[in-house]
Each structure stands twice: as structure tokens, then as C-alpha cells.
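I opened the model today to look up one residue and the strands around it, and I am writing down each step as I go.

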Amino acid sequence: MTELTVPAEDRGATPAEGLVVPPGGGRTVRTAAQEVTYKVTGAHSRVSSSFEVVVPPGFDVGAHRHAHSEELFYVLEGELDVMAFEPRVLTGDWRHWESESGLTAVRARPGTVIVVPPGCPHAFANRGAAPAKMFFQASPPSDHERYFDELLDILTQDGPPDPAAIDALRVRYDIEQLTPLRHDA
């Protein structure tokens with residue numbers, strides 16, 4: 001059996017060729033708030049983009065929703081507080097929300113799957129002391145790829161991040177932020 005190698009360049013798969021990404025493979029973008037490794041991009045799939053995400057302690061993505069995107073999260077390591085439902089009342093802290101049917105935020109451990117249909121408010125936060133890792137899939141492909149790339153551009157500029165630029169970026173990529181994104185490092 002030959003050893004699998006994946007070229008560093010991002011090449012699309014042909015109909016007769018699939019894509020195998022080995023452990024540690026893929027392009028990684030890092031910020032103080034997250035580490036995102038692109039595993040499958042729109043160049044490889046018509047259905048979804050897939051990422052491996054490391055969530056540091058103190059990071060809270062904030063409750064948000066996407067009118068058109070569907071997402072799937074699978075917790076690989078660590079623990080995350082998560083929610084995926086329409087709350088009865090939108091208050092400041094999504095961890096205290098409750099749905100009409102009684103759903104509340106839960107502690108997701110390895111093996112937990114979270115499916116988020118379009119329009120559904122959702123959030124995740126790492127309240128623990130150790131990083132958490134999850135597999136994240138977003139449909140349709142490419143929107144989240146471009147969002148992460150452009151967010152990195154904003155965050156690596158000199159000085160503090162421009163909140164207006166981040167707000168405009170979110171609007172452009174179908175993200176309605178309901179509670180603030182926070183990173184209490």
C-alpha cells in the first residue's frame with residue numbers, strides 16, 4: 001500500500017478522483033479566538049465545506065443564525081456549551097434561553113452532534129479550562145471559507161479589530177448576530 005500524500009496546493013477532485021485529507025492535513029487559519037483547519041472546500045464538494053475547529057477556553061461565538069446555511073457540529077475533544085433552538089425570549093445570555101418546548105443549552109461532550117437548520121439560532125462556547133475541538137460542516141460550500149479568510153484579514157490589521165467591518169462581514173455572509181461574540185482569554 002502506498003503512503004498517502006496530499007499536495008499543499010488546494011486542488012479540486014475530478015469525478016474519478018476523491019479527496020483524502022490525512023490527520024493534520026488541510027489549510028489552517030489561526031486567530032487568538034479560534035484555529036480553523038479547512039478539510040473540504042467548495043473546490044472539492046458541491047454540498048458542503050468541512051472544517052476542524054479548535055475552540056480555546058473563554059471563547060463564545062455568540063448566538064446567531066443564518067437564513068440560508070445549514071450546519072453540523074460534531075464534538076471531537078473537550079466540552080462546549082451549545083444551543084440550537086428558537087428561544088421564547090431573546091435575552092442577553094443565550095445560556096439561559098429556553099425554547100417553547102423546553103429545550104435549553106446543554107454541555108456537549110465528545111461524540112455529541114448538533115444539527116442547525118437554516119434560520120435556527122445557535123451558539124457554542126468553551127467555558128472549560130482546556131481547548132475543545134469539533135468537526136464543523138456548512139452548506140452551501142464556500143461561504144464559511146470566505147468568511148473565515150476575510151475575518152482573519154480584519155483581525156490581523158494593526159490596532160483593535162474594527163467592529164463596523166466585522167458587522168458588515170457578517171451581514172455579507174448571512175450571519176445575524178443575536179448576542180455578542182466574546183473571547184475572555
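These are my notes on the confidence, on one glycine, and on the strands.

I began with the ground rules: this is a predicted model, in which local features need pLDDT of at least 70, side-chain atom pairs count only at pLDDT 80 or more, and totals for chains, interfaces and linings use all residues. Residues are numbered from 1 along each chain as its sequence is written, and side-chain values use heavy atoms, with hydrogens and water left out.

I then checked pLDDT, the predictor's confidence in each residue, from 0 to 100. The protein averages 89, and 91% of the residues score at least 70, whereas residues 1–9 stay under 50.

Next I looked up Gly-25, which I found in the segment before β1 (27–30); strands here are DSSP runs of E with at least two residues, numbered from the N terminus. Gly-25 counts as buried because its relative accessibility is 13%, and buried means under 20% relative accessible area with a 1.4 Å probe, protein chains only. Leaving aside residues up to four places away in sequence, I saw that Gly-25 touches Thr-37 and Lys-39, where contact means heavy atoms within 4.5 Å.

Thr-37 led me onward, since I noted that Thr-37 stands opposite Glu-52 in β3. Strand β2 (residues 35–40) pairs with β3 in the antiparallel sense over 5 bridges; two strands pair if DSSP finds at least two bridges between them.

Last, I followed β3 (residues 49–55), of whose 7 residues 5 are buried. I found 7 bridges joining β3 to strand β11 (residues 132–139), again antiparallel, with Ser-50 opposite Gln-137 in β11.

Key:
Helix = DSSP H or I, 4+ residues; strand = E, 2+ residues; numbered from the N terminus. Buried < 20%, exposed > 50% of the residue type's maximum accessible area, 1.4 Å probe, protein only.
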